[in-house]
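Got the model loaded in your viewer? Let's walk through it one selection at a time.

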Amino acid sequence: METGYTVEQLRAAVADAIRAPSLHNVQPWRFRLRDGGIEVLVDPTRRLPATDPSGWGARVAGGAALFNLRLALTVSGTPAAVRLRPYPSEPNVLARLLPDLPRRPTPAEQHLYAAIPRRFSNRAPFWPDPVPADARWQLGEAARAEHCWLELLIGVSAVNAFAEIANGAHRVLERDPGYRAERAAWVRATHAPDGVPAAAGGPQAEPQDLLPSRSFGGSQRAPGRDFEPEPLVAVLGSAGNTAVDQVVAGQALQRVLLTAADAGLSVSMLSQPIEVPTAREQLRMSLGRFGTPQMVMRIGYGQPGRPTPRRPVDEVLDLPVRAALTNQLPT
C-alpha cells in the first residue's frame with residue numbers, strides 16, 4: 001500500500017475533479033495535500049449567500065467534485081479510501097482521501113471516467129424521443145451505488161404536480177432582489193473561467209413553459225422550439241440532510257450525470273424546489289419517500305453542446321509550502 005499521494009497525482013486528479021457542476025458555475029471548491037492525503041474543501045469565498053445561504057449547494061458541488069476525483073484516482077491505478085467530514089473543528093473540509101489497495105479499474109469505472117469531459121448542463125429544449133427503460137434503470141442504479149435514491153416522475157399527472165411545486169418555488173426566489181442580482185452577477189457575456197456563459201444559459205422563458213428556468217441571458221427561442229411537453233423528471237434524494245448527507249448526494253448526483261452522459265443523454269438541473277424549504281418538503285411529501293430531496297433533473301435527448309469553462313487547476317490548489325517552493329525553483 002502506498003504511504004501517500006504526491007503533488008503530481010493531486011494535480012492530475014484535480015484536473016478531472018473541477019469538471020463537476022455547481023450552482024451558477026461558481027466552482028466553490030479547493031483541494032490540498034496534507035500528510036499524504038488529498039483533501040476536498042469548500043471555498044467560503046465562492047459561496048452564494050442569496051441563492052445558497054445554508055451552504056447546501058456548495059457541499060453538493062464539493063461531493064460531485066469528490067466523485068470525479070475518486071474516479072480519476074481509480075483509473076490511474078491509485079484508488080482512494082475516503083473519509084467524509086474528517087475534522088469536526090474544520091467544517092469546510094468535506095473529505096480526506098488516502099491511497100487504498102491498488103487495483104485495476106472496472107470497465108464501468110472507465111466508461112464513467114471517459115464521460116467526465118462530455119458532461120454538461122443542457123438548458124435547451126430536448127427532442128421528443130423517450131428515454132428507454134434500460135437507461136432509466138441504469139440511472140437509478142447509479143444513485144443507489146452512492147447510497148441515494150432516484151425517483152423518476154412518470155406520467156402527466158406526476159409531472160404536472162411537480163411543475164406546480166417548482167413554479168411556486170421559482171416565484172418565491174424571483175421576488176428576492178438579492179437573489180436576482182446574484183444570478184445576474186454570474187452571467188458571462190464574454191469568455192470567463194467561471195459563471196454561466198449567456199450562450200449556454202438556455203432560451204428565454206415563455207408563458208407556455210411547463211417547468212421554470214432561470215434567466216441567464218439566453219436568446220429568444222426559434223418558432224416551434226418549445227420545451228418537451230412530457231419531460232422525464234428525476235428527483236435525487238439522500239437518507240438525511242446533514243452536511244455529510246449533502247456530500248454523499250453530490251457524489252450520487254455526479255455518478256447519475258456521468259451515467260446519463262455515457263448513455264448519450266442530456267441533463268439540466270432544476271434546484272429551485274430544493275432551495276425553498278417549504279417547496280422541498282412539499283416535494284418530499286408528494287413522493288412519499290423517506291429522506292430528503294437534494295436535486296431535481298430534467299433528462300432527455302438534446303442537441304450536442306460543450307462544457308462551460310473552468311478555472312485553472314493551480315487556482316484551486318493549496319499546496320504544501322515545501323512542494324510549492326520546489327515547483328518554483330528554476331530548472
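Start by selecting Glu-151 and Arg-289: they form a salt bridge, with the closest N and O atoms 2.6 Å apart. Glu-151 sits in strand β5 (residues 149–153) and Arg-289 in the loop between α9 (277–287) and β10 (292–300), so this pair ties together parts that are 138 residues apart in sequence. Glu-151 is partly exposed at 22% relative accessible area, and Arg-289 is partly exposed at 26%.

Some ground rules before the next click. This is a predicted model, where local features need pLDDT of at least 70 and side-chain atom pairs count only at pLDDT 80 or more, while totals for chains, interfaces and linings use all residues. Residues are numbered from 1 along each chain as its sequence is written, and side-chain values use heavy atoms, with hydrogens and water left out.

And the vocabulary: a salt bridge is a side-chain nitrogen of Lys or Arg within 4 Å of a carboxyl oxygen of Asp or Glu. Buried means under 20% relative accessible area, exposed over 50%, and partly exposed in between (1.4 Å probe, protein chains only). Helices (H or I, at least four residues) and strands (E, at least two) are DSSP runs, numbered from the N terminus.

**More salt bridges**

By that salt-bridge rule, the count comes to 19. Next, select Glu-228 and Arg-298, a salt bridge whose closest N and O atoms are 2.7 Å apart. Glu-228 lies in the loop between β7 (196–197) and β8 (232–238) and Arg-298 in strand β10, so the pair ties together parts that are 70 residues apart in sequence. Buried or exposed, what is Glu-228? Glu-228 counts as buried, at 9% relative accessibility, and Arg-298 is buried too, at 5%.

Now bring up Arg-32, Arg-34, Glu-39, Glu-90 and Arg-96: salt bridges that share partners join these residues into one network. Zoom in on one link, where Arg-34 pairs with Glu-39 and the closest N and O atoms are 3.4 Å apart. Arg-34 is partly exposed, at 25% relative accessible area, whereas Glu-39 is buried, at 0%.

**A glutamate without a partner**

Jump to Glu-182, in helix α6 (residues 177–185). Which side chain of opposite charge is nearest to Glu-182? That would be Arg-214, 8.4 Å away, and Glu-182 is buried yet has no salt bridge. For the charge bookkeeping, Lys and Arg count as positive and Asp and Glu as negative; His and the chain ends are not counted. Show what touches Glu-182 and you'll get His-24, Leu-48, Pro-49, Ala-50 and Thr-51, leaving out residues up to four places away in sequence. Contact here means heavy atoms within 4.5 Å.

**A phenylalanine in a loop**

Next stop, Phe-216, in the loop between β7 and β8. Phe-216 counts as buried, at 5% relative accessibility. Skipping residues up to four places away in sequence, Phe-216 touches His-24, Arg-123, Arg-183, Val-187, Val-196, Ala-198 and Gly-201. Try a C-alpha distance to Pro-197 as well: the two residues are 19 apart along the chain, and their C-alpha atoms are separated by 7.8 Å.

**A helix pair**

Switch to cartoon and highlight α5 (residues 156–174) and α9, whose axes come within 10 Å and cross at roughly 170 degrees. That makes α5 roughly antiparallel to α9. The axes are lines fitted to C-alpha atoms, for helices over the stretch in contact, and angles run from 0 to 180 degrees between N-to-C directions. Under 35 degrees counts as roughly parallel, over 145 as roughly antiparallel, 65 to 115 as roughly perpendicular and the rest as oblique.

Turn on side chains: Phe-162, Ile-165 and Ala-169 in α5 meet Ala-279, Gln-282, Leu-283 and Ser-286 in α9. The residues of this contact divide into 5 nonpolar, 2 polar and no charged. In that split, Ala, Val, Leu, Ile, Met, Phe, Trp, Tyr, Cys and Pro count as nonpolar, Asp, Glu, Lys and Arg as charged, and the others, Gly among them, as polar.

**Backbone stops**

Select Asp-35, in the loop between β1 (29–34) and β2 (37–42). Asp-35 has a positive phi of about 50 degrees although it is not a glycine, and it counts as exposed at 71% relative accessibility.

Then try Arg-85, in the loop between β3 (80–84) and β4 (93–99). Arg-85 isn't a glycine, yet has a positive phi of about 45 degrees.

Finish on Gly-140, in helix α4 (residues 133–145) and buried at 6% relative accessibility.
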